[in-house]
Amino acid sequence: MADIIKVKATDGSEVQFINEVFSSGGMKDAYWCPGKKEVVLFFRDKVDARTKDRLNNIVGLYRDRIFNQPGGQYWSKLFCWPTKMVEWNGKTGIVVPAYDGTFFFADGNFKGKEKNGKWFASPKLRNKFLRPQDKGTWLNHFHMLIKIARAVKRLHAAGLAHSDLSYNNVLVDPPTGSACVIDCDGLVVPGKYPPDVVGTPDFIAPEVLSTRTLPVDDPNRKLPCRATDRHALAVMIYMYLLYRHPLRGSKVYDVNDEQRDEVLAMGEKALFIEHPTDRSNRVKPEQLSPAELPQGDPAKLPYTICGPYLKALFDRAFIEGLHDPDKRPSANEWEEALVKTTDLMQPCSNPNCREHWFVFDNTTKPRCPFCGTEYKGVLPVLNLYYSPSHGKFLSENYRLMVYDKQTLYMWHVNRFVVPNEKISDEDKKPVGDFHFHNGQWILINRRLPDMWDKTDNKQIPVGGYVPLTEGRKILLSAKDGGRLIVVQLVKN
Amino acid sequence: MRRLPVYILIDTSGSMKGEPIESVREGLEAMVSSLKQDPFALETAWISIITFDREVKCLLPLTALDSMQLPAITTPDSGPTHTGQALQMLCGQMDKEVQLSTPERKGDWMPLLFILTDGKPSDIQLYNKMCSEVRSRRFAGVIACAAGMKADTEPLKQLTDRVYKLDTLDSSTFRKFFTWVSNVVGEGNRSVGAADDLELPSPPSEVNVIV
């Protein structure tokens, strides 16, 4: 039995840990604290003064900025953030919370292994090795990505950059829609602490890769920063929704040297595999193994299946902004687009569908892109309008798809309510629900005091309902920011 | 998707008989089962095992990690160590198995080669010739390991600059060695340093680096 070591952390508190390495990473060795709620990670190599200063700020100032604010508790689930810094036997260490149990495989072939994101982003691993209960639904993936985008947004808002976002540093659990950013000790503070790493293959931004051989102090050398985090985030979102890499196509850049080919394909010459006009890096599906199909083939499952909001952002990330970092969408834009896209989702009626959910494709004959099942019957689409001034309503390019037992929330009702980490508990409660009842679609009002049927010009009281018929206009709230919905019916 | 071919050459000459070869087998088993839980390795790694004593055998042609079964490894009672012939077979297998890039299609990653031996080559002339052949080919890494106190590292230095020495031939040493091998196989997917070039993870403490 290894002995228990007691040391004093730099904040003066006592830290205990079991003197036995249970895991080793690239730069650090991990020791359990008694009770296994926390871990002490010691850097194997001597840590220089600048890194110590950075770590001190990460456990102090920056942690304060994020966690010790109103609503700060929300972030403790999204980050595995170092809490203390310790020194022991000339080594520098940090105390971090242990990962939540949900981020380890509970049973099956990979029992006890961390849920590295790679498992969920590769068609071969999904099709051959993961069990359905490990994979979750497509909607779960959206929920997971909303958390990731939100976490990156929070870091950036605090003036930080992660610098090494990758499958390895974001643990995920699709079935519960959870994600957690780990390895926060490498954080970059632009202008103050330069990065230790350039990133992880697949996620390194093109400009970083193509200038990697320049000396670190060369003015043309590009190092990880917020703009490169944005690239990594876009790649991650594409991969967790489409299960392939946006830049890994068939184009060969160097026949003789596959390392150089790789650096060109991900760096200087990087080209989106679904670029609308330059088709030279298209995937050749006959070169893929059967286990990589159908997800590996963009012709079968193009990125447009992610809906209009995400398509626009993917275009900015991988077409306009691929080699122009300022044009890349921010984490906040990704979060909003992901949230809005979940309002366009429909459950697939095929119980054996691989993904169970799909984004409404804006056609009169909606069908699931994953299994091809067509939607049969009447499908209500609600177009949301807001009122910039009294009596006038403008379209917001925002739609809500209706399905049986779907709920209506305050963020649909009022444009000033945003479904993010700042939302109040009161606004998280459902305010109405949709049903297919006695052969017609209805909306039941549960909590909205002034819901008004504009078409029939009558109040819909709490507990009452309104049928969703073609063209019907319903005012959800008379308050400032309150929305009007116009019903559109798709019949198939 | 590019494959990462991994060639493992194992000395099965008489001196490896008994505990040493059993320990190697145990180490290999541990390596395969840990690789089979590594998503990066499962996606890309293909493994081949070649053994050499007086006879050289390709026990496992290049096989996808997820469908491979570890073959039985046998050792004769005594006899020469045909390391040169093993390298010859390796080159032949590579010519057949490793897919090169063409203008239309991306080929495999350059292979990793691990060679583990406890003695010196008996077919020294062929060995010398094959060393220069191996050196002229492109590998992602050639790692030679001299196992045991008596193992001679000099001939291995001809093959590669990366020669390591294992002092003991017990199962825990081999297990650590093969854990390191599996880390090397997964290395391409780790964070890349800002200052330096792609580097192998540092070997376990039981492995002595021969400079």
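In this predicted model, strand 4 (residues 112–117) of chain B is a good place to start: six of its six residues are buried, so the strand is largely enclosed by the rest of the structure. Both of its faces are covered, with Leu112(B), Phe114(B) and Leu116(B) buried on one side and Leu113(B), Ile115(B) and Thr117(B) buried on the other.

Strand 4 of chain B also has strand partners. Strand 1 (residues 4–11) of chain B pairs with it in the parallel sense over five bridges, and Val6(B) has Leu112(B) as its bridge partner there. Strand 5 (residues 141–147) of chain B pairs with strand 4 of chain B in the parallel sense too, over six bridges; here Ile115(B) is matched with Ala144(B). To get from strand 4 to strand 5 of chain B, the chain passes through helix 4 (residues 124–136) of chain B, making a right-handed β-α-β crossover.

Turning to chain A, the chain splits into domain 1 (4–97), domain 2 (101–343) and domain 3 (377–491). The C-alpha centres of domains 1 and 3 of chain A sit 48 Å apart.

Helix 9 (residues 308–320) of chain A has 13 residues and spans 17 Å from first C-alpha to last, close to the expected 18 Å. Its buried residues include Tyr309(A), Leu313(A) and Phe318(A), and helix 7 (226–242) and helix 10 (331–342) of chain A are among what covers the buried residues of helix 9.

Chain A also holds an open, antiparallel sheet of four strands in the order 15-16-17-20. Strand 15 (407–408) and strand 20 (465–467) of chain A each have a single partner strand, so one side of each lacks a neighbour in the sheet. Between strand 16 (residues 432–437) and strand 17 (residues 440–445) of chain A there are six bridges, and His435(A) stands opposite Ile442(A).

Technical notes: Residues are numbered from 1 along each chain as its sequence is written. Chains are lettered from A and ligands numbered from 1 in the order in which they are written. This is a predicted model: local features need pLDDT of at least 70, side-chain atom pairs count only at pLDDT 80 or more; totals for chains, interfaces and linings use all residues. Helices (H or I, at least four residues) and strands (E, at least two) are DSSP runs, numbered from the N terminus. The expected span of a helix is 1.5 Å times one less than its number of residues. A residue is buried if 20 or more other C-beta atoms lie within 10 Å of its own, exposed if 12 or fewer, and partly exposed in between; C-beta atoms are placed from the backbone. Two residues are in contact if their C-beta atoms, placed from the backbone, lie within 7 Å. Two strands pair if DSSP finds at least two bridges between them. Domain bounds come from an automatic or database domain assignment. A crossover is right-handed if, with the strands pointing away from the viewer, the path from the first strand over the helix to the second runs clockwise.
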